[in-house]
Amino acid sequence: MAYSWDNRVKYIVRYMYDIDNNGFLDKNDFECLAVRVTLIEGRGEFSPEGYGKNKEVMSNLWNEIAELADFNKDGEVTVDEFKQAVQKNCKGKAFADFPNAFKVFIGNQFKTIDVNGDGMVGLDEYRLDCITRSAFADVKEIDEAYDKLCTEEDKKAGGINLARYQELYAQFISNEDEKNNACYLFGPLKEVQ
C-alpha cells in the first residue's frame, strides 16, 4: 500500500505541499514554501531579494494549483481535490505534458534537494532529503531505496540530474505501477493516514 498511486499522491500533498500540516493546501502553505526555499537556497542565510523572487513564484504556483484543483473554490485544496487534479492533468503523461504549475514545483523541489548546487542529486543529498520527511532507524533503508531508484546510467553519472528528476517525479505521480523505480524518489515510503 505504501507505493500505491493513491498513497504516493497523498504523500506529495502531506510532505511536499502541506507545510503547515493542517491537512489541506492553501495560500499559507505556499507563503511558507517561499521562506523554506529561500533559506535552503541560501544555506541558512536569508536573502530579501531571493525571498521576493520565491514569494512571487510560490504565489503564482498557488494560484495555478488552486485553478487546477480547488474545484469548490473555497480557497483550500483537499487531498481528494489534489488527487482529482493529478488524475485529470498528469496521470499517464510525461513531464513535458504536465501543467506549468507542476513543472515549476518539480524544478524548485530539485533545487532544494541539490544542496551543493552541482546539478546532481547524489546519495548524500538524497539521504538529507529523506530524513526531512520521515524517521529512519537505519540509514541502510534510505541507501537501499536510492539504489532501487537509480539506473546504472544514474550511478555512472554520479546521481540524478534535473531532467532525470523531472522524469522520475512525473512517473511518481502519473504511473500506477507500484514496481516502478520512481516510487523511491522520496525514499522508503510509509502509508499516509
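Here Ala, Val, Leu, Ile, Met, Phe, Trp, Tyr, Cys and Pro count as nonpolar, Asp, Glu, Lys and Arg as charged, and the others, Gly among them, as polar. The views below come from a predicted model.

**View 1. The largest pocket has a lining of mixed character, with 11 nonpolar, five polar and six charged residues.** The space in this pocket comes to about 430 Å³. Its lining counts 22 residues, and those closest to the pocket centre are Tyr 15, Arg 36, Asp 129, Thr 132 and Arg 133.

**View 2. Helices line the largest pocket.** At least two lining residues come from each of α1, α2 (27–41), α5 (100–113) and α6 (123–131). Helix α5 gives the largest share, five residues.

**View 3. Tyr 11 and Tyr 15 form a tilted aromatic pair.** The ring centres of Tyr 11 and Tyr 15 are 4.6 Å apart, and their planes meet at 45°. Both residues sit in helix α1 (residues 5–17). Four residues separate them, about one turn of the helix. Tyr 11 is buried, because its relative accessible area is 1% and buried means under 20%. Tyr 15 has 27% relative accessibility, so this residue counts as partly exposed. The pair belongs to a set of 16 aromatic pairs in the structure.

**View 4. Tyr 11 also stacks with Phe 186.** Here the centres lie 6.3 Å apart, with 25° between the planes. The pair counts as stacked because planes under 30 degrees apart fall in that class. Tyr 11 belongs to helix α1, while Phe 186 belongs to the segment after α9 (162–174). The pair therefore ties together parts that are 175 residues apart in sequence. Phe 186 has 1% relative accessibility, so this residue counts as buried.

**View 5. Two arginines lie over aromatic faces: Arg 14 over Tyr 15, and Arg 8 over Phe 172.** Arg 14 is 4.8 Å from the ring centre of Tyr 15. Tyr 15 is also one of the residues closest to the centre of the largest pocket. Arg 8 is 5.8 Å from the ring centre of Phe 172.

**View 6. Ring pairs build an aromatic cluster.** Its members are Tyr 17, Phe 30, Trp 62, Phe 82, Phe 95, Phe 98, Phe 102 and Phe 105. Ring pairs link these residues to one another as a cluster.

Notes
Residues are numbered from 1 along each chain as its sequence is written. This is a predicted model: local features need pLDDT of at least 70, side-chain atom pairs count only at pLDDT 80 or more; totals for chains, interfaces and linings use all residues. Side-chain values use heavy atoms; hydrogens and water are left out. Rings of Phe, Tyr and Trp (its six-membered ring) pair if their centres lie within 6.5 Å; planes under 30 degrees apart count as stacked, over 60 as edge-to-face and the rest as tilted. Buried means under 20% relative accessible area, exposed over 50%, partly exposed in between (1.4 Å probe, protein chains only). A charge sits over a ring if NZ of Lys or CZ of Arg is within 6 Å of the ring centre and within 35 degrees of the ring normal. On a 1 Å grid over the protein atoms alone, a cavity is a set of points where a 1.4 Å probe fits but cannot get out, and a pocket is an open set with protein on both sides within 12 Å along at least five of seven lines; lining residues have an atom within 4 Å of a point. Grid points are joined across faces, edges and corners, and a volume is the space filled by probe spheres set on the points.
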